[in-house]
Amino acid sequence: MGLLWLGFTAWGAFDIRLGYFISVIYKKKTKCKKIAITFDDGPTEYTPEVLALLKQYNAKATFFCIGKQLEKHPVYAKQIIAQGHQLGNHSYSHTSKFGFFSAKQIEEELKKTTAIIEKISGNKNYYFRPPFGVTNPHIAQAVKKTGLKVIGWNIRSLDTVIEDETKILNRIVKKIKPGGIILLHDTSEKTVRVLEQLLPILQEQKYQLQDLDKFLADD
Ligand SMILES: [Zn+2]
């Protein structure tokens, strides 16, 4: 979805890895073989399939959910929590106009989604991933006000862009190393099939897949 941003010339449309305006966590410095796997833009009708696979491999993940989607699929959101995974904030609307919002509008979106997450999970929400991975001064201001931690990634699957599953899988596998954060989307059957192939590889390489709390904690 980041491609949508190519046409935008607004100030501050930087790649999240630069962390120009906000401090962004995009990996964990560690020698421990642990990986954070993250799923953006859900929950959707594909979320239960993702959950079934994670369960099969005893893997934990973080789902950066869109507030609107949480309202649409509360049952799936509850399943995510019931199976021991974490929910993160991925804005309320995920609108392509997000980068043009005022700090106040962004803050409202973050608070609204955090409230939904906390109601579903019964836990405090600490994590935010900006839509399209973009940061700017208004987003930075809103993040500061809400006290959320911004989570990026260093293993981008491009699973919403690339059609070929094998290519997506190879992109991920090539970049796997301790402390990596993988970005996937629980929004298509294609990603489910990639995950089906990725999980046994990670298991074979003896990686532990952890939710963000555990992943970010010291070894
Ligand atoms: Zn997204």
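**Ring contacts, zinc site and second largest pocket**

The charged end of Lys33 sits over the ring of Tyr207, 4.9 Å from its centre, and that of Lys112 over the ring of Tyr92, 3.9 Å from its centre; such a contact requires NZ of Lys or CZ of Arg within 6 Å of the ring centre and within 35 degrees of the ring normal. The model is predicted, so that local features need pLDDT of at least 70 and side-chain atom pairs count only at pLDDT 80 or more, whereas totals for chains, interfaces and linings use all residues. Residues are numbered from 1 along each chain as its sequence is written, and side-chain values use heavy atoms, with hydrogens and water left out.

Three aromatic pairs were found, where rings of Phe, Tyr and Trp (its six-membered ring) pair if their centres lie within 6.5 Å, and planes under 30 degrees apart count as stacked, over 60 as edge-to-face and the rest as tilted. The rings of Phe39 and Phe63 are stacked, because their centres lie 5.1 Å apart and their planes are at 25°. Both residues are buried (under 20% relative accessible area, with a 1.4 Å probe and protein chains only).

The zinc ion has as protein donors Asp41 (OD), His90 (NE2) and His94 (NE2), lying 2.1 Å from it, with donors defined as N, O and S atoms within 2.8 Å of the metal (3.2 Å for Na, K and Ca). Along the chain these donors follow the spacing D-x48-H-x3-H. His90 is buried, with a relative accessible area of 2%, and His94 also counts as buried, at 9%.

Note on methods:
Buried means under 20% relative accessible area, exposed over 50%, partly exposed in between (1.4 Å probe, protein chains only).
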